[in-house]
Amino acid sequence: MRFEPLPKRSEVGFQALGNLLLIAPQSASGSLQGLPTNKEKMNHSTHYAMKKKLATWTATVMFSLTITAQTAWQEILQNPSLAAGKYLAYQAPQEKVITPPEGYTPFYLSVFARHGSRYLTDREKYDEPAAILKAARQAGKLTTDGQRALDIICRLAREAEGRYGELTVKGARQHRELANRMFHHYPTIFCDDVHVDARSTTKSRAFLSMANGCVELARLNPRLNITMDASLHDSYYIKYKNKNYEQRHLAKADSIYRIADSIYVHPQRLMKQLFSDAGYVEKHITSPATLMQQLFELDGISQSSRNMPDLGFLFNKQERYDLWQRNNFEWYYEKGPSPLSDTCMYKLGRNLLENFILTADTVIASGRPCVTLRYGHDTNLAPLVTLMGCNSLSHPTTDWQAIADTYRTYQLIPMCGNIQLVFYRKPNSDDILVRVLLNEKDVTLPVQTETAPFYHWKDLRSYWMATVRSISLDDGAR
């Protein structure tokens, strides 16, 4: 299949990046904070060179895959639904059977899963763009495409009324199907009397995702010992927040997002498609860029419903990709390794990663098979997976156009997105292997192994525990 070339960087983008340099803080030496000095670059390169010498062939495979894999532009061109990013309805991968080393069988499954597809969280997200289009229709300034868009928005709004932020029917099914696949992939774990410890945040969409998954497991094996809990008691790890930390490292968010909008959001063509009078747009549409982003969000969330038409006809290939990049940048900045937020926001996954480690220690010490299921949100899944070191997600870059080389929301946090750790052991051996899957696909990790995609738990635990211990979240907020 042939793909169109990646679009060239625009002059507008470079001008905006120049503006960013004007607002970026400077250190005492005059260098821009968040952007490396020449000395830091040299130290950074030296650090990476040392890590390369210690890394195994799996790291080589990881980077070679990054180079040869499709770009985000190519992937979205081939499958436009991916541009929905965090609103992408989960797409289960084709089953790939990988046999563990001889003698090893799975005995423990440890999971964090985002809730399934949901409605938008606020009524205003539906009402505001609908009101703009209705006013234009009343004034006789709405085009045929504008009316088509309004009809779809009204249909989306009717279905979501009174259910803002709640799990959809599709979202419930996603978690039943995920539980079903896990059950059949690891039959030696889901045996009679095995404890399935399921916990969720107190949000109904997370709790109902947990309930659907557990009901499916109980249907498949009524003899499982399933317990469920949804309590603020677990918030310190399953839905950790630290407002002081965020305020400190995201202090320039408003200025940065204005620049991001100038780079990625170009509504001029869309306004002509929606409205028949340019003068009307100039006088009555206060923020065309905001309207464009609202419509793009509604297009994405349409995937959460069954048999719902979308708004894809409103965006051309370039606009769709740019709008996805805008949202992808926001996640990279707020929950990823962006130098603009001090390369540290993903460290908010510290407590959740520690819970994975300590819970595994308890299960291993017990000698019994077990399942740990955690249900939460994208805002916790994204930092966790990045902190784990999966797929080079923690790679920092100051080049906005290069973010998508390693960080893509649709690969990371789709609806029902999940990280699975599958533990294997063999008789008469203390060695434990772990297979790590992100959205049911094997990941690569910066840890030595001769049995990829299986990692020795002692090595993986050592790496993750060192990561946990290296992070201070300062105020102990939970």
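# Report on a predicted protein model

Phe 423 has Val 434 of strand E6 standing opposite. The model described here is a predicted one, and this report begins with the strands around that pair before turning to the whole protein, its salt bridges and one asparagine.

## Strands E1, E5 and E6

Strand E5 covers residues 418–425, and seven of its eight residues are buried, so the strand is largely enclosed by the rest of the structure. Strand E6, residues 432–438, pairs with E5 in the antiparallel sense over seven bridges. E5 is also joined to strand E1, residues 105–114, through eight bridges, and these two strands likewise run antiparallel. Phe 423 appears in both pairings: Tyr 108 stands opposite Phe 423 of E5, and Phe 423 in turn stands opposite Val 434 of E6. As a general point, side chains in a regular strand alternate between the two faces of the sheet.

E5 and E6 form a hairpin with six residues between the strands. Asn 428 takes a positive phi near 60° in this hairpin.

## The protein as a whole

The secondary structure of the protein consists of 19 helices and eight strands. The protein has 478 residues, of which 50% are buried. Its accessible surface comes to about 22700 Å², and carbon and sulfur atoms account for 50% of that surface. Among contacts between residues at least 6 apart in sequence, 80% join residues at least 24 apart.

## Salt bridges

The structure holds 20 salt bridges. Three of them are listed below with the separation of their N and O atoms.

| Residue | Partner | N to O distance |
|---|---|---|
| Glu 297 | Lys 125 | 3.4 Å |
| Arg 163 | Glu 166 | 3.8 Å |
| Glu 330 | Arg 326 | 2.9 Å |

The salt bridge between Glu 297 and Lys 125 has its closest N and O atoms 3.4 Å apart. Glu 297 lies in helix H14 (residues 288–301) and Lys 125 in helix H5 (residues 124–138), so this pair ties together parts that are 172 residues apart in sequence. Glu 297 has a relative accessibility of 19% and counts as buried because the limit for that class is under 20%. Lys 125, with a relative accessible area of 26%, is partly exposed.

In the salt bridge of Arg 163 and Glu 166, each partner is partly exposed: the relative accessible area is 43% for Arg 163 and 27% for Glu 166.

Glu 330 and Arg 326 both belong to helix H15 (residues 317–335), where they lie four residues apart, about one turn of the helix. Glu 330 is partly exposed, at a relative accessible area of 26%, whereas Arg 326 counts as buried at 6% relative accessibility. Elsewhere, Asp 197, Arg 199 and Asp 234 are joined into one network by salt bridges that share partners.

## Asn 212 in helix H8

Asn 212 is located in helix H8, which spans residues 204–220. With a relative accessibility of 17%, Asn 212 counts as buried. A polar atom of the Asn 212 side chain lies 2.8 Å from the backbone oxygen of Leu 208. When residues up to four places away in sequence are not counted, Asn 212 touches Leu 167, Ala 172 and Arg 176.

Conventions
Residues numbered from 1 in each chain as written. Predicted model: local features only at pLDDT ≥ 70, side-chain atom pairs only at ≥ 80, totals over all residues. Heavy atoms only, no water. Buried < 20%, exposed > 50% of the residue type's maximum accessible area, 1.4 Å probe, protein only. Contact = heavy atoms within 4.5 Å. Areas by Shrake-Rupley, 256 points an atom, 1.4 Å probe, with all protein chains shown as cover. Salt bridge = Lys/Arg side-chain N within 4 Å of Asp/Glu carboxyl O. Polar contact = N/O pair within 3.5 Å; in protein donor to acceptor, adjacent residues only side chain to side chain. Pairing = 2+ DSSP bridges.
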